[in-house]
Amino acid sequence: MCKTDRVKDFLINCSPFLLFFLLFGGMEWAIRVFKVPAWLVAPPSATFLALLRHFPAIWSNLQITLQEIVFGYLIGVFVGILLALVFTSNRFLDKAISPYVVFLIVTPQMIMVPLLMLWMGFGIQVKLLAVALSAFPINMMSTMTGIRNVSLERYELMKSLHASKLQTFFRVLIPSALPNVFTGMRLGTIFATTSAIGAELISGNTGVGPQISYNTEFIMMDIAFANVYVMILVAVLFYCLIAVIEHFVIYWKY
């Protein structure tokens with residue numbers, strides 16, 4: 001490999017970081033040059049300093065939000081995959097319940113939060129359920145797609161080998177469906193993160209969501225932006241974590 005190719009590869013690999021510095025550097029420059037008021041947009045440097053100064057408070061609220069995201073997401077993934085396995089093995093249940101799952105997908109989960117608060121109170125269980133309700137439909141639909149896309153030839157091959165249903169399940173169905181399962185899990189991270197913040201904004205006074213609302217209301221934009229950037233980082237890391245796990249589990253795909 002010549003020197004030019006190495007430089008090209010280096011630039012491609014570092015392009016996300018270069019873009020990051022360009023975006024934030026450009027934002028800092030534009031805010032200072034055009035004298036954008038601090039109550040409207042906080043410069044990245046002020047946001048970084050606010051993050052350092054208020055890190056204990058941000059971290060304590062972030063821990064609450066992380067609990068809601070992680071546990072709600074795990075519940076949603078488990079229920080979604082379990083229901084997908086049940087529905088794909090029973091045509092009656094599939095036909096009867098699938099329209100209601102679509103109804104659940106297209107219904108904005110945030111409009112359910114006030115009702116959940118009425119039924120369940122103001123505790124963390126409302127946010128957990130809101131996150132689970134957001135994450136499970138996409139996981140169920142993706143898993144069902146993966147199971148239905150398993151080719152008939154593979155089933156016929158297992159039949160010709162006199163394989164049991166359990167062997168067919170673990171050696172054909174699960175490996176074939178896993179790429180779709182992980183697609184649903186990756187998309188589920190997005191739904192889980194946005195639902196947790198949305199539910200906190202409606203029903204909570206602890207967590208990152210209420211902190212963003214509070215600091216925006218009192219025009220403390222540097223702290224509000226610090227919370228926003230932290231949540232963006234959490235969402236990206238959560239998505240990347242599932243992608244890394246996917247690379248290890250279905251290594252034959254890559």
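**Exercise 1.** Is the crossing of H8 and H9 left-handed or right-handed, and how are the two helices set against each other?

*Solution.* The model is a predicted one, and the first step is to locate the two elements, H8 at residues 165–203 and H9 at residues 208–217. Their axes lie 7 Å apart and meet at an angle of about 60 degrees. Angles under 35 degrees count as roughly parallel and those from 65 to 115 as roughly perpendicular, and H8 and H9 are therefore oblique to each other. As to the hand, the crossing of H8 and H9 is right-handed. On the side of H8 the contact is made by Ile197, Glu200 and Leu201, and on the side of H9 by Val208, Gly209, Pro210 and Ser213. Sorted by character, the residues of this contact of H8 with H9 comprise 4 nonpolar, 2 polar and 1 charged.

**Exercise 2.** Determine how H7 and H8 are oriented, and state which residues bring them into contact.

*Solution.* Begin with the geometry, in which H7 and H8 pack at an angle of about 160 degrees, while their axes are 10 Å apart. Because angles over 145 degrees count as roughly antiparallel, H7 is roughly antiparallel to H8. The crossing in which H7 passes H8 is right-handed. Next, the contact joins Arg154, Tyr155 and Met158 of H7 to Gln167, Thr168, Arg171, Val172, Leu173 and Ser176 of H8. The residues of the contact of H7 with H8 fall into 4 nonpolar, 3 polar and 2 charged.

**Exercise 3.** Describe the largest pocket by its volume, its lining elements and the character of its lining.

*Solution.* The volume of the largest pocket is about 580 Å³. Its lining has 15 residues, and Phe20, Phe24, Tyr229, Ile232 and Leu233 are the closest to the centre. Two or more lining residues come from each of helix H1 (3–33), helix H2 (44–53) and helix H10 (221–249), with H10 giving the largest share, 6 residues. The lining of the largest pocket divides into 14 nonpolar residues and 1 polar residue, with no charged ones.

**Exercise 4.** Which helix gives the most to the lining of the second largest pocket?

*Solution.* The second largest pocket holds about 370 Å³ of space, and among its 13 lining residues Tyr155, Lys165, Thr168, Phe169 and Leu173 lie nearest the centre. At least two lining residues are supplied by each of helix H3 (55–88), helix H6 (124–148), helix H7 (152–160) and H8. The answer is H8, which gives the most, with 4 residues. By character, the lining of the second largest pocket divides into 7 nonpolar, 3 polar and 3 charged residues.

Conventions:
Residues numbered from 1 in each chain as written. Predicted model: local features only at pLDDT ≥ 70, side-chain atom pairs only at ≥ 80, totals over all residues. Heavy atoms only, no water. Axes fitted to C-alpha atoms, helices over the stretch in contact; angles between N-to-C directions. Left-handed = near helix turned anticlockwise from the far one by under 90°. Contact = heavy atoms within 4.5 Å. Nonpolar A, V, L, I, M, F, W, Y, C, P; charged D, E, K, R; others polar. 1 Å grid on protein atoms, 1.4 Å probe; cavity = no way out; pocket = protein on both sides within 12 Å on 5 of 7 lines; lining within 4 Å. Points joined across faces, edges and corners; volume = space filled by probe spheres on them.
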